Amino acid sequence: MRVVMLSTDRNIFSPESAVAKRMAEYSSLVEGLDIIVFTKKGFAPLQIAPNVMAYPTNSFSKFLYTRDAFRIGKKLPKADVITSQDPFEVGGVALRLGKLFGARVELQVHTDFLNYWYGRHSLLNRYRVHLARKHLPHATCVRVVSERIRRSMEEGGIRLKAHPRLAPIVIEKTAGEASLFLKEKYPQFTFFALVVSRLAPEKDTETAVRAFAKVVERYPKAGLIILGDGPEQSRLESLVRKLGIYSSVVFEGWQTNLSSYYGSADVLLVTSRYEGYGRMLIEAALHGLPSVTTNVGVVGEVVEDGTSALVCKVGDVACVSEKVGKLVGDNNLRVNLGVHAREAAQASLVSPGKYLEQMKHSWENCGI
């Protein structure tokens, strides 16, 4: 079986990255895997494994990604399956290549694109909703990463050729032991709230900051550690200064090793407007770290309100500050939520070996 994969993840060209290592693992599943990655200029083709090759589009402009991806794809050996990492622009190229090769096409859905907030985010997102509605009914098979997405598509009236396959993101099981890392690094704080997120509008970190400002009024020794970067960072730093809590908030930038943070924080704050999965919720839970979160991703599937997390509506500053305040003042609640969160997260995990088996079965049986 030969597979062509279309992706937007440039980390594939970093041999030591997690995604590149995962592509190498796919080599055992197929006769050949060719990966086309939407990139601007500056990348070189990379042989990841003897039968796994990654090709950058090296496009002059992002508006030429689809043209260049199709140009590369039609020169590759005939594929049996074309798989796309999204049902939007990338999915459109997959369908065109599928028609050219007479191949089966798998479209993957990692984002809750029918969520109210997704469409409101930008004109581009509204266009992508249109593309997904157009492309998904023509896919031979569809993979979704959460039950939330499957249910959203069903309720949104998207008709598929076959029932979508649910395949969560692979997350390695970890012992997740508690540590004193943050307490030693920031001895001025006695309670640590953690944000792990790209600082972009859809993540709505502003709600976390405004909620935390109210928490600090009651608990002045609480600290907020923000891990991540993005286009919203300077605006968020200005907001922190405006709210008078600059000494209580630390912007640490993006970190590659999150375990010490999860293991030493007291609560994870997730205030996203939408998530397809919400990897940080699972990672935190595996460390016994409870979350105060909006109702996104795997909330309701893995972590449950009142049992293993505390859940608020999107943008509800008062709710987030109230829930965090509860955790500051009630250590038993924090511990109980963390214990149940870890149990739920561990039960949800799929081993890397099992995931590979499922992937092979999906490609072999797509449309059969």
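Here are three short exercises, with worked solutions, on a sheet and the disulfides of this predicted model.

**Exercise 1. Find your way across the sheet**

Work out in which order the strands of the open six-stranded sheet lie, and which strands form its edges.

*Solution.*
- Step 1: Trace the sheet from one side to the other. The open sheet's six strands come in the order 11-10-9-12-13-14, and their pairing is parallel.
- Step 2: Look for strands that pair on one side only. These are strand 11 (249–251) and strand 14 (310–312), the edge strands.
- Step 3: Check how the strands turn relative to one another. From one strand to the next, the twist averages 20 degrees.
- Step 4: Move in on one pair. Strand 13 (residues 291–294) runs parallel to strand 14, with three bridges between them. In this part of the sheet, Thr-294 stands opposite Cys-312 in strand 14. Keep Cys-312 in mind for the last exercise.

**Exercise 2. Place a helix on the strands**

Find the strands that helix 11 lies across, and give its angle to strand 12.

*Solution.*
- Step 1: Locate helix 11 at residues 279–286.
- Step 2: See what lies against the helix. Helix 11 lies across strand 9 (191–196), strand 12 (267–270) and strand 13.
- Step 3: Compare directions. Helix 11 runs at about 175 degrees to strand 12.

**Exercise 3. Sort out the disulfides**

Determine how many disulfides the whole structure holds, and how the bonded cysteines pair up.

*Solution.*
- Step 1: Search the whole structure; two disulfides turn up.
- Step 2: Take the link between Cys-141 and Cys-366, where the S to S distance is 2.0 Å. The angle about its S-S bond is -105 degrees, and the link is left-handed.
- Step 3: Ask what this link ties together. Cys-141 belongs to strand 7 (residues 141–144) and Cys-366 to the segment after helix 14 (352–365), so the bond connects parts 225 residues apart in sequence.
- Step 4: Turn to the second link, in which the sulfur atoms of Cys-312 and Cys-319 are 2.1 Å apart. Its torsion about the S-S bond is about -80 degrees, so this disulfide is left-handed.
- Step 5: Decide whether the cysteines are buried or exposed, using the cut-off that buried means under 20% relative accessible area. Cys-141 has 12% and is buried; Cys-366 is buried at 2%. Cys-312 is buried at 3%, and Cys-319, at 13%, counts as buried.
- Step 6: Number the bonded cysteines of the chain in sequence order and read off the pattern: 1-4, 2-3.

Key
Residues numbered from 1 in each chain as written. Predicted model: local features only at pLDDT ≥ 70, side-chain atom pairs only at ≥ 80, totals over all residues. Heavy atoms only, no water. Pairing = 2+ DSSP bridges. Helix = DSSP H or I, 4+ residues; strand = E, 2+ residues; numbered from the N terminus. Axes fitted to C-alpha atoms, helices over the stretch in contact; angles between N-to-C directions. Contact = heavy atoms within 4.5 Å. Disulfide = S-S within 2.5 Å. Buried < 20%, exposed > 50% of the residue type's maximum accessible area, 1.4 Å probe, protein only.
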